[in-house]
Protein chains: 2
Amino acid sequence: MPSAAQNGEAMVLIADSERDANLYYATRFLAPDPFIYVQMGGRRILLMSDLEVDRAKAQSRVDEVLSLSQLGRQVKARTQQEPSVLDLVDHLLRERQVKSLTVPATFGVEYADYFRSKGYTLTTKREPLFEQRAVKAEEEIRAIEQTQRATERAVQAAIDIIRESEIRGEELTIGGKPLTAEQIKKVINLHLMQNECVAQHTIVACGVQAVDPHNEGSGVLKAHQPIVMDVFPQHAQSRYYADMTRTVVKGRASDKVKRMQAAVLEGQAIAFQAIRDGADGSLIHQDILDRFTRLGFETGEMGGRMQGFFHGTGHGLGLEVHEPPRISPKRDILKAGMVVTVEPGLYYLDAGGLRIEDLVVVTQNGCRNLTQMPKVLEV
Amino acid sequence: MPSAAQNGEAMVLIADSERDANLYYATRFLAPDPFIYVQMGGRRILLMSDLEVDRAKAQSRVDEVLSLSQLGRQVKARTQQEPSVLDLVDHLLRERQVKSLTVPATFGVEYADYFRSKGYTLTTKREPLFEQRAVKAEEEIRAIEQTQRATERAVQAAIDIIRESEIRGEELTIGGKPLTAEQIKKVINLHLMQNECVAQHTIVACGVQAVDPHNEGSGVLKAHQPIVMDVFPQHAQSRYYADMTRTVVKGRASDKVKRMQAAVLEGQAIAFQAIRDGADGSLIHQDILDRFTRLGFETGEMGGRMQGFFHGTGHGLGLEVHEPPRISPKRDILKAGMVVTVEPGLYYLDAGGLRIEDLVVVTQNGCRNLTQMPKVLEV
């Protein structure tokens, strides 16, 4: 006879852990198709298909792995009806006298409607679903640093090629042929894959392309213009991300670009000074925005395009590349152990983009920079 | 004055298109953070943050891109209150006289509760959300084939190494050193990255490891035992997947493994014969399962482990590696233009795993195999 769940409460997740980092965090089990996680009375239970049940037993860090098909046969024998997968969850919850469920805010409405129709009280919870996920353990910080080291080596390899390239007219060439953003991205991504890291959407954006911070960049790289390289791979084994941006100019940077670089470094310094346990991210972000304005770098729509500093200063990072907290206009309190990016940037149609991004871990009295790579503008 | 939506109906998606293939399909715009898509009166509208609004205007295939911050200022000026993002969607929907919403079954319950509280009628829709997504256009089939060609070259490179390896005792060696599953996976993944394809969870599983079809494999490869290689990358540009499995033995395959290979090929032949517009996937799957049983290959739990043929025969593939339809115990009708895998397999603790997977496009009177790679057991 199974014991009743504490206070008749349970948490239910239904998702694939490949895309749902909370589910992976809770189970440390990776699967490409949706499966079911139930947490009740201190026990963590997985309900798995025949295809995954043995692997889940071997790999997951939960207390119990149940076979959906076995459970299905039991329920069918009793009810003489073919149960749906949700009927099986309902069966399990009733057996343990669960009456109210906590589900993530993103829980599928069809699942939610099912459980409500069966009489459960649903409470939805926004991110962070698991508060402790935002505060990284030593083991998690080490995993992030491992990905970060690989990222730095890959970006260094890219910068070495840009440094070795030659200027012909306004363009960069290597071995007599045009050097493209695509080539540099491939160097970075292959380097990362060599080190078990999967990079997607690597940004190598030159000149005006980079004024759109998410433009991945394409075509021949230009001399005397900033090249923004933003790289954020995930380690294939640990599943932890890193994130770093460096901006370089092959040739001579314009005065405006040099002033943008100095301002962005000042912006980073403001954040490094202010980040500590208890700090409010929105105040840090506002301080940087104000400093930029005082330095003459305005933000807003100009000529039909967003220009200046129009993204957040930073974001949490871990099993997802973007996770709580944010250092942005929205109030968010930092806590010791959180890992966040610090990535102020300035973007103008007449100068290009300039962004510099480091990764830091928040400590009791400040922060520790997990990034070792220097910041050099002209190469 | 904006025109009213047809019949007061709209479809709303709120997700990030990096993880939500339907949203990418509808917009052809890729973004890592959630954004809002509204389809009403034949118009497709995006609501974007400042960070993404310009890129969305340039890259997305929708009719209108609205700026959330601009809309926010308008609504605030009118209501004197700070609107939430959902308030802005509500505002837009009211303006076009929308009263009922269609949302995916996976639509976040918190969003759903918001819209219901505002008086909208919600209809949830399961996959396929967009019926036409399951039926591939010529352009999509070409994209899948491009990924498939890269997959075949990568697997061929892996097989070449296995072929060139030497047997020392029970193990494979190369250049005098043990040849591992990890090395072969790296060869495959690097080869794919060279060709703009991102492979994750590539399976190179030898012997008893492969009895669990999702075990990715590790350690030194063994002689005279089947090595299952299952590779399913996504093209970084087109976003379309491919999927292929080959099983090889370095050295001599046992009689049982040879009979398993013959049975699996027979299973594939049953599917190739039966697949056509209008065919029911569940009947095809059952036919293969029955043939296996008649050939002496039983399926079920034996000695506490699932053995035999305990996964589906195939699945749809496109912008996701697993998408509708399925060729599995569940009834699913195939239509011309669908691209599905055909991947029967047999798994026994005393022999290892044997799976062979091709990719086919369903036609009016049969199917066309998109896979060109031969099936050789001993190498």
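Analyst: A strand here is a DSSP run of E of at least two residues, numbered from the N terminus. Strand β18 of chain B, residues 323-327, is such a run, and Pro325(B) has its place there. The model under discussion is predicted.

User: What is the omega angle of the peptide bond between Pro324(B) and Pro325(B)?

Analyst: Omega is about 0° for the bond that joins Pro324(B) and Pro325(B), and the bond is cis. Another cis peptide bond joins Glu127(B) and Pro128(B), with omega of about -5°. Pro128(B) is placed in the loop between β6 (121-125) and α6 (131-134) of chain B.

User: Why are α8(A) and α8(B) described as roughly antiparallel?

Analyst: The angle at which helix α8(A) packs with helix α8 of chain B (residues 181-194) is about 170°, and their axes are 10 Å apart. Angles over 145 degrees count as roughly antiparallel, and the two helices are therefore roughly antiparallel to each other.

User: Which residues meet where α8(A) touches α8(B)?

Analyst: From α8(A), the residues are Lys186(A), Asn189(A), Leu190(A), Met193(A) and Gln194(A); they meet Lys186(B), Asn189(B), Leu190(B), Met193(B) and Gln194(B) in α8(B). Sorted by class, this contact holds 4 nonpolar, 4 polar and 2 charged residues.

User: What makes the pair Asp113(B) and Arg116(A) a salt bridge?

Analyst: The closest N and O atoms of Asp113(B) and Arg116(A) are 2.8 Å apart. The rule asks for a side-chain nitrogen of Lys or Arg within 4 Å of a carboxyl oxygen of Asp or Glu, so the pair forms a salt bridge. Across the interface of chain A and chain B, the rule finds 12 salt bridges. The count of residue pairs in polar contact between the two chains, both at pLDDT 80 or more, is 29.

User: Which elements of chain A each supply at least two residues of the side that touches chain B?

Analyst: They are α2 (50-59), β5 (100-104), α5 (109-117), α8 (181-194) and β16 (305-307). The residues on this side of chain A comprise 16 nonpolar, 14 polar and 19 charged.

User: How many residues does each chain give to the contact, and what area is buried?

Analyst: Chain A gives 49 residues and chain B gives 50 residues. About 4,300 Å² is buried between the chains, with carbon and sulfur atoms giving 50%.

User: How do you know that α3(A) and α4(A) are roughly perpendicular?

Analyst: The axes of α3 (residues 68-79) and α4 (residues 85-95) of chain A cross at roughly 80° and come within 10 Å. Angles from 65 to 115 degrees count as roughly perpendicular, and this description therefore applies to α3(A) and α4(A). Leu68(A), Leu71(A), Gly72(A), Val75(A) and Arg78(A) of α3(A) make the contact with Val85(A), Leu88(A) and His91(A) of α4(A). By class, 5 nonpolar, 2 polar and 1 charged residues take part.

User: What is the phi value of Glu196(A), and where is Glu196(A) found?

Analyst: Phi of Glu196(A) is near 70°, a positive value in a residue other than glycine. Glu196(A) lies in the loop between α8 and β10 (197-198) of chain A.

Definitions and conventions. Residues numbered from 1 in each chain as written. Chains lettered and ligands numbered in written order. Heavy atoms only, no water. Contact = heavy atoms within 4.5 Å. Buried area = accessible area lost by both parts, 1.4 Å probe. Polar contact = N/O pair within 3.5 Å; in protein donor to acceptor, adjacent residues only side chain to side chain. Helix = DSSP H or I, 4+ residues; strand = E, 2+ residues; numbered from the N terminus. Nonpolar A, V, L, I, M, F, W, Y, C, P; charged D, E, K, R; others polar. Axes fitted to C-alpha atoms, helices over the stretch in contact; angles between N-to-C directions. Parallel < 35°, antiparallel > 145°, perpendicular 65-115°, else oblique.
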